Amino acid sequence: MKLATLRQHNNTPFGRDGRLVMISRDLSRCLFCDEIATLQDALDNWVNSEPILQNIYKKLNDDDGVGMPFVVKDCHSPLPRAYGWVDGSAYLNHVELVRKTRNSQVPESFYDDPLMYQGGSDSFIAPTDDILAQPEWGIDFEAEVEAEVVVVSTDIKQGASPDVAGGAIALIGLVNDVSLCGLIPNELAKGFGFLQSKPASAFSPVFVTPDELGDTWVDNKVHLPLNVQLNNKLFGCPNAGVDMTFDFARLLSHLAKTRDIQAGTIVGSGTVSNKQGNLYGSSVENGGVGYCCLVEVRMYETIETGSPRTPFMDDGDTVKIYMNDKDGNSIFGEIVNTVKTEF
């Protein structure tokens, strides 16, 4: 199934959690899910909601005359707010590059014990909204493009094993996890984690059930390239199933170690990052798979030239994040966010 949420407008009766719609497999049409008001409602009672939604999905795909045109600009993030938004760092190549720029080693524990932080989940921005930030804050984009892949869970009990946690994955999507890099150093220096440096994230307009990915969803990983464009130029296309040290089942189990996980909790993979050559071989222009965040190319530059050269995003810069199936068809729709420094 493919699900989205229409956002509230002045002339619509939708509440702040929007209105749930089913999306056709080709992303061309949508249909109201009249029996279920919001995506959170569906997740709260997934056992009963899923067969209802499956029937709507079948109806939509079996008859081209059913539904109305699907317009991404009408969408909010599928969950405009969530009970939890937790971001991992499952691609340790990214962590290794960070440590290398600091001339330090990755602790051995990092390879057995996932890194995670809890982000703000009380509000997200829509997949086509502007990123509002002052230029001196330092703006970055992340797909988990941190760009990242995310999963949404149903309820998971404290202490759940990876096998149990993996069985609770209901939906999969993408995220633009915005970072304000100019604020991060001082904030982390306080020793208490991210807050102002991690503003509202934007998610792909469509979340899908794992079966929609077919044989590219294996071992609780998405084995497809995650594409990032910066100002209409391909910046990266690393494979999300490659070099992922901790799969989503492991990340969810880690989160559940000391707490129950509520239905509708979103867990991110962290910046998708593939091991590759040096600075001059890792970029798309030089035959590499490129990067899913500006920080990563700046780390390569620091390691090999002594200082970063690539600037952070500025007013008017646009990032696009998307993933296609093996036939080149869009799976989740596109996240397209433009930086605005006057608001």
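## Strand register, helix α6 and overall form

R29 stands opposite P69 in β4. The model that shows this register is a predicted one. That facing pair belongs to a wider contact: β3 and strand β4 (residues 68-69) pair in the antiparallel sense over two bridges.

**Overall form**

The protein contains eight helices and 21 strands. Its radius of gyration is 19 Å, close to the 20 Å from the globule rule for 343 residues, so the protein is as compact as a globular protein of that length. Its C-alpha trace spans about 60 × 45 × 40 Å along the principal axes.

Of the 343 residues, 54% are buried. The exposed surface comes to about 15000 Å², and carbon and sulfur atoms supply 48% of that area. Charged side chains number 27 positive and 47 negative. The centres of these two sets lie 2 Å apart.

**Strand β1 and its partners**

Strand β1 covers residues 2-6. Five of its five residues are buried, so β1 is largely enclosed by the rest of the structure. K2, A4 and L6 point one way from the strand. L3 and T5 point the other way. Both sets are buried.

β1 pairs with β14, β2 and β5. With strand β14 (residues 207-208) the sense is antiparallel, over two bridges. There K2 stands opposite V208. Four bridges join β1 to β2, again with the strands running antiparallel. In that contact L3 faces M22. Strand β5 (residues 75-76) also pairs with β1 in the antiparallel sense, over two bridges. Here L6 stands opposite C75.

**The β2-β3 hairpin**

β2 (19-23) and β3 (29-32) have a loop between them, and L27 sits in that loop. The two strands form a hairpin with five residues between them. They pair in the antiparallel sense over three bridges. M22 of β2 stands opposite L31 in β3. M22 in β2 also stands opposite L3.

Most residues other than glycine have a negative phi. L27 is not a glycine, but its phi is positive, at about 65 degrees. L27 is buried, with a relative accessible area of 14%.

D219 also has a positive phi, of about 55 degrees, although it is not a glycine. D219 lies in the loop between β15 (217-218) and β16 (221-222). At 57% relative accessibility, D219 counts as exposed. L27, at 14%, is buried.

**The five-stranded open sheet**

Five strands make an open sheet with mixed pairing, in the order β8-β21-β20-β17-β18. Its edge strands are β8 (131-132) and β18 (233-236), each pairing on one side only. Inside this order, strand β17 (residues 227-230) and strand β20 (residues 318-322) pair in the antiparallel sense over four bridges. Q229 stands opposite K320 in β20.

The antiparallel pairs described here are set out below.

| Strand pair | Bridges | Facing residues |
|---|---|---|
| β1 and β14 | two bridges | K2 and V208 |
| β1 and β2 | four bridges | L3 and M22 |
| β1 and β5 | two bridges | L6 and C75 |
| β2 and β3 | three bridges | M22 and L31 |
| β3 and β4 | two bridges | R29 and P69 |
| β17 and β20 | four bridges | Q229 and K320 |

**Helix α6 and the loop to β19**

Helix α6 (residues 248-255) is mostly covered, with six of its eight residues buried. The buried residues are F248, A249, L251, L252, S253 and L255. D247 caps the N-terminal end of the helix. A side-chain oxygen of D247 lies 3.1 Å from the backbone nitrogen of A249. A249 is itself buried.

The loop between α6 and β19 (265-268) holds G264. At 0% relative accessibility, G264 counts as buried. The C-alpha atoms of G264 and D315 are separated by 33 Å, with these positions 51 residues apart along the chain counted as their offset.

**N93 in helix α3**

N93 lies in helix α3 (residues 92-101). N93 is buried, with a relative accessible area of 8%. The C-alpha atoms of N93 and Q40 are separated by 34 Å. Along the chain, N93 and Q40 are 53 residues apart.

Conventions: Residues numbered from 1 in each chain as written. Predicted model: local features only at pLDDT ≥ 70, side-chain atom pairs only at ≥ 80, totals over all residues. Heavy atoms only, no water. Buried < 20%, exposed > 50% of the residue type's maximum accessible area, 1.4 Å probe, protein only. Polar contact = N/O pair within 3.5 Å; in protein donor to acceptor, adjacent residues only side chain to side chain. Rg over C-alpha atoms; globule rule 2.2 N^0.38 Å. Areas by Shrake-Rupley, 256 points an atom, 1.4 Å probe, with all protein chains shown as cover. Lys, Arg positive; Asp, Glu negative; His and termini not counted. Charge placed at Lys NZ, Arg CZ, Asp CG, Glu CD. Pairing = 2+ DSSP bridges.
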